[in-house]
Amino acid sequence: MKTMNPVWRGLALLLAGGISGYFIGLGLDTLVSKQVNFTAPLAGLFSLLGAVTAFFFGLVGYHGVTRGLVFQTIGTLIGGFFVTGIRALMGLETFGNFFFTEPAWVFGALVGTLSFLAGVGALTDWFKWALGESTPEHHEDEPGWKKYFQLSLDHKVIGVQYTVTSIAVLGFGGIFALIFRTELAASQLQFLTTTFQAFDQNGLQFYNTLMSLHGMLMIVSILLGIAGVMNYLIPLLIGAQDMAFPRLNAFSFWIAVPAAVLLLSALFLGGFDTGWTGYPPLSTRSPLGVQMFFLGVFVAGWSSILGALNLIASVVRMRARGMTAFRMPIFAWAAIATSIIALTATQLIGLSFQLVMFQRLLGMGFFDPAKGGNPVLFQHLFWFYSHPAVYVFVLPGLGVISELLPVFVRKPLFGYRWIAMSSLGIALVGFLVWAHHMFTSGMNEYLRVPFMYSTLLVAVPTGVKFFSWVATLWQGKISTPTPMLFVLGGIIVFLMGGLSGPPNATVSTDLHLHDTYFIVGHFHDTMFGGYIFPFFAALYYWFPKATGRRMSEKLGKLHFWLMTPSFLVLTFAMMRVGLLGMRRRIADYDPALGFDLSHLIMTVAAYLIFTSVVIFLYNFFHSMKYGEKAEGNVWESRSPEWQVPSPMPVHNYQHAFQVVGEPYDYGLPGSKYVEFMKSQEGKG
Amino acid sequence: MRHFVVVAILVIALSTLTYSGLMAANLLPAQASEQALPVDWLFNLQFITISFLFSLIVVPLLYSLIVFRRKKGESGDGVHIEGNTPLEITWTAIPLVIVMGFAYLGAYSLGETRRIDPQAMVVNVTAQQFAWTFEYPETGVVSDVLYLPKDKQVLLKMTSRDVIHSFWVPEFRIKQDILPGRTTEYRITPTLEGDYRLRCAELCGSNHAYMLANVKVVSRADFDAWMAARAEEARAAADTPEGRGKTLVTQNGCLGCHSLDGSRGTGPTWLGLYGSSVPLSDGSTVTADDAFIKESILQPQAKYVAGYETIQMPVYTFTDEQIADIIAFIETLK
């Protein structure tokens with residue numbers, strides 16, 4: 001075993017762990033239900049947990065993430081049995097369809113989450129401090145790649161951890177989408193039929209579960225992705241040694257891992273059929289899976305809130321000398337705008353989901369009209385976060401576009417202050433528009449008009465960004481390596497998302513468009529243009545900074561030219577069938593509508609996008625080890641992180657820098673953005 | 001200067017091309033209601049604006065990529081322009097005026113779709129997982145097909161028995177959610193005779209995709225004839241137990257899940273149910289006699305038919321007489 005490549009060892013153990021987990025789960029299920037069910041929920045859940053834990057065990061041994069997962073499993077069981085014991089003493093039902101009863105699962109899942117954090121070591125320093133022991137300011141990470149699977153306080157390591165986790169979650173979300181996209185390729189049900197059975201769900205229910213999880217996993221993936229990029233970059237861009245609160249930073253990342261496990265477990269525990277919006281009363285009637293979904297989002301919310309707090313503190317307090325507000329890299333403005341929203345709005349989705357959890361567990365009637373509750377109240381609480389959330393997703397991406405554009409155009413960013421202020425403007429207006437998701441909901445009719453006004457206002461700061469980008473391109477010296485291609489793709493795709501927005505904002509047209517595929521096309525355009533494309537641009541652009549190697553240009557261009565046209569075709573087709581009458585979130589559509597060909601095209605496009613991402617993944621992991629060496633300023637950027645060799649040294653800048661000019665003065669001879677200080681002056 | 005002229009011409013050309021492309025693509029379903037007119041009018045305005053703004057960004061972007069690209073062997077930077085405040089103010093102010101104009105027109109067209117005819121015909125709509133029931137209060141007729149007379153405003157008073165649903169006939173354009181515990185209103189004036197499909201637009205559970213109902217818009221005369229026939233039918237039905245039973249199961253939406261023709265729905269079919277032996281989820285079988293059917297209606301969770309374990313049938317409260325009528329109706333389904 002010693003000489004075996006750890007990746008192969010991990011994969012071999014993944015298989016073994018998956019199979020043994022399956023039989024443990026099957027055994028437990030058989031013990032309780034007294035009959036053998038090969039697609040038993042518990043068998044699936046244990047199979048997943050066993051496989052993932054064994055994979056990490058093979059990769060890094062019993063450290064870090066492996067220990068966390070083992071702790072989480074044991075913690076969940078302890079919590080579950082604790083509540084089951086109490087229920088037994090009270091004479092209540094002890095075991096149900098899913099082994100534990102619902103209250104036992106919820107409590108177990110919470111204990112499991114905390115156990116994960118204890119197991120991975122995210123709480124260790126705080127416990128030691130509480131006991132009066134001191135710990136070193138910095139924990140030195142072991143060299144090599146194993147540090148990425150353990151607790152680290154280095155913002156660069158955490159940034160990579162976030163990014164890679166984000167890509168893993170993206171993979172799950174994408175594969176789920178492909179499964180149901182395949183079902184949609186033709187009308188009628190092909191394989192997710194009513195006789196299909198998996199984890200206590202028939203085909204239609206499984207479709208809904210996959211569709212709902214696709215939405216939520218992608219959202220979590222985006223939150224992790226932006227956190228990854230911001231964590232890695234912000235301290236480098238502002239000249240800090242680390243984030244303001246390194247332990248909180250590690251905590252924010254690691255709490256997202258059990259959250260992802262909880263979300264995935266929903267698939268096995270009966271699933272849920274509410275979509276990611278989880279509207280009651282449907283969500284109060286859904287199977288157990290919906291509780292795991294609520295809990296997963298609740299826990300992931302902590303990651304987002306604490307991460308945002310840390311980021312704002314870092315940008316406000318730790319900037320290099322001379323870096324006044326309007327000399328910050330533009331990406332820092334985007335990060336601040338996004339963090340303000342995440343810090344102040346995320347609570348509302350946690351709250352709304354928590355209320356439904358309580359309604360299910362304790363019989364409260366918050367949203368139950370029979371008990372004087374109001375289901376529309378939930379929608380207000382939910383969208384008060386979930387609308388601003390889309391700006392959380394796109395603002396960092398738009399920041400990446402503004403950050404990279406001047407580098408490849410060799411020209412200053414046109415209207416820097418306007419772009420900076422437009423990010424804040426979007427964040428601010430974003431708080432005032434939530435009810436535009438509810439134009440058909442039966443909310444107060446006249447209130448729809450002010451929400452229409454505020455929603456349309458978003459177009460103004462967004463327009464400022466587009467016009468300024470185009471003005472930046474004008475009379476530049478434009479080159480188009482892979483990162484720039486993704487920047488341009490992002491602009492075009494986000495433009496499609498932006499232009500398809502106003503018809504949803506004006507109430508009367510939205511009454512037709514609401515809950516149709518037009519909306520699906522519209523938000524996939526905004527998410528891809530505002531996040532996916534810039535995220536890929538950022539990965540291609542900063543990959544050399546993190547690894548000292550470059551990703552292959554040839555494969556990068558193939559990735560771009562395969563993904564962009566496929567994606568545009570996909571969303572155009574979505575919007576077209578939506579206008580013509582295709583509803584959202586349906587497993588099957590009426591053949592009489594004549595959408596079969598459109599859906600077939602969409603499915604093919606989805607597979608092409610998937611192929612392009614597989615090419616990207618190969619390029620990404622292959623280049624880490626075998627990519628062309630790139631240790632200098634590969635893009636001829638003025639930004640401080642490119643003025644030092646790659647990969648970035650452990651404690652960032654050996655000599656502190658001070659800001660002596662404008663960040664994007666390309667084309668101004670003799671100008672400099674930063675100057676490194678030789679002595680220790682101004683350090684800290 | 002030459003650059004600006006070329007770009008301006010291209011913007012106009014591409015705008016025209018995009019708009020005619022959008023028009024040629026036939027992007028909206030048939031226009032079958034009075035309320036669709038203001039909606040489609042605003043759609044058209046949106047398409048014009050979208051075509052123009054699309055061109056306004058895409059043309060200079062692509063133009064720059066071609067004309068201002070870094071040619072082979074070229075080095076050096078672009079022109080040092082940091083910004084232009086009057087320009088920024090312009091492209092903040094003009095869009096501001098445009099979107100506020102759109103908001104005004106949006107409110108106006110919303111108002112147009114909400115015009116109230118005090119003489120509107122009322123239909124009570126009940127939605128439930130996964131069925132629609134329509135009741136015409138003037139005559140007491142209940143139907144699972146929504147018949148509407150042409151050119152007459154209808155006021156739908158809608159409520160739900162369980163979760164949130166949404167009323168949408170694409171050809172009518174407007175959409176309205178239906179909530180449990182309260183009534184939402186929807187006004188429509190059909191203008192085009194024909195057969196349409198009502199589709200639930202708010203995710204309501206596993207069979208959401210199949211929560212459909214037929215909508216028929218007919219002439220006033222045909223509507224009156226249909227209504228008279230249905231009223232007569234209802235009067236005749238009230239005289240026999242199976243007739244009353246049929247009215248009850250139609251009114252309560254039972255047929256949304258239980259088919260009468262043997263096809264598999266959300267729940268088991270009723271064809272040949274009475275007196276048959278039914279396999280249950282625990283492996284046993286039971287004879288579908290009066291007692292079993294009564295229990296299944298009043299306590300649907302007491303026994304699950306094999307293959308339907310995951311379905312949560314709503315609990316109904318019927319009187320013993322009503323249940324006897326329903327059973328009499330089911331008995332006729334041989």
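This report describes a predicted model, taking the contact between its chains, the domains of chain B, a sheet in that chain and the nonpolar cores in turn.

**Contact between the chains**

Chain A contributes 73 residues to the contact and chain B contributes 71 residues. On the side of chain A that touches chain B, helix H15 (residues 459-473) of chain A provides the largest share, eight residues. Sorted by class, this side of chain A holds 39 nonpolar, 22 polar and twelve charged residues.

**Domains of chain B**

Chain B is assigned domain 1 (2-65 + 91-113), domain 2 (121-235) and domain 3 (238-331). Between the C-alpha centres of domain 2 and domain 3 of chain B the distance is 25 Å. Their contact involves twelve residues from domain 2 of chain B and ten residues from domain 3 of chain B. On the domain 2 side, the elements that give two or more residues are strand E1 (121-128), E2 and H4 of chain B. The residues on that side of domain 2 of chain B comprise four nonpolar, four polar and four charged.

At the start of chain B, helix H1 (residues 2-24) contains B:Val6. B:Val6 and B:Pro60 are 54 residues apart along the chain, and their C-alpha atoms are 9.6 Å apart. Why is B:Val6 partly exposed? It has 13 other C-beta atoms within 10 Å, and the partly exposed class lies between exposed, at 12 or fewer, and buried, at 20 or more.

**The sheet in chain B**

An open sheet of five strands in chain B has the order E3-E2-E1-E5-E8, with mixed pairing. Strand E3 (141-143) and strand E8 (184-188) of chain B each have a single partner strand, so one side of each lacks a neighbour in the sheet. On average, neighbouring strands of this sheet are turned by 25° against each other, direction ignored.

Three antiparallel pairings are listed below.

| Strand pair | Bridges | Opposed residues |
|---|---|---|
| E1(B) and E2(B) | five bridges | B:Val125 and B:Phe134 |
| E2(B) and E3(B) | three bridges | B:Tyr136 and B:Val141 |
| E5(B) and E8(B) | five bridges | B:Leu155 and B:Arg187 |

E1(B) and E2(B) form a hairpin with two residues between them. The hairpin of E2(B) and E3(B) has four residues between the strands, and in it B:Gly140 takes a positive phi near 80°. Helix H4 (residues 220-237) of chain B lies across strand E2 (131-136) and E3 of chain B, and runs at about 100° to E3(B). H4 and E2 of chain B are also among the elements on the domain 2 side of the contact with domain 3 of chain B.

**Nonpolar cores**

In soluble globular proteins, nonpolar side chains tend to be buried together. The largest nonpolar core here has 299 residues, and those that touch the most other members are A:Val220, A:Trp254, A:Ala259, A:Leu263, A:Ala332, A:Leu404 and A:Ala537. Helix H7 (residues 203-238) of chain A gives this core 24 residues, the most of any contributor. At least three residues of the core come from each of domain 1 (2-65 + 91-113) and domain 2 (121-235) of chain B.

Which residues are in contact with A:Ala259, leaving aside its neighbours within four places in sequence? They are A:Val220, A:Gly296, A:Val299, A:Ala300 and A:Ser303. A second, separate core has eight residues, including B:Tyr274, B:Ala288, B:Ile327 and B:Ile330.

Terms used. Residues are numbered from 1 along each chain as its sequence is written. Chains are lettered from A and ligands numbered from 1 in the order in which they are written. This is a predicted model: local features need pLDDT of at least 70, side-chain atom pairs count only at pLDDT 80 or more; totals for chains, interfaces and linings use all residues. Two strands pair if DSSP finds at least two bridges between them. Axes are lines fitted to C-alpha atoms, for helices over the stretch in contact, and angles run from 0 to 180 degrees between N-to-C directions. Two residues are in contact if their C-beta atoms, placed from the backbone, lie within 7 Å. Ala, Val, Leu, Ile, Met, Phe, Trp, Tyr, Cys and Pro count as nonpolar, Asp, Glu, Lys and Arg as charged, and the others, Gly among them, as polar. Domain bounds come from an automatic or database domain assignment. A nonpolar core is a set of buried Ala, Val, Leu, Ile, Met, Phe, Trp, Tyr and Cys residues joined through C-beta atoms within 7 Å.
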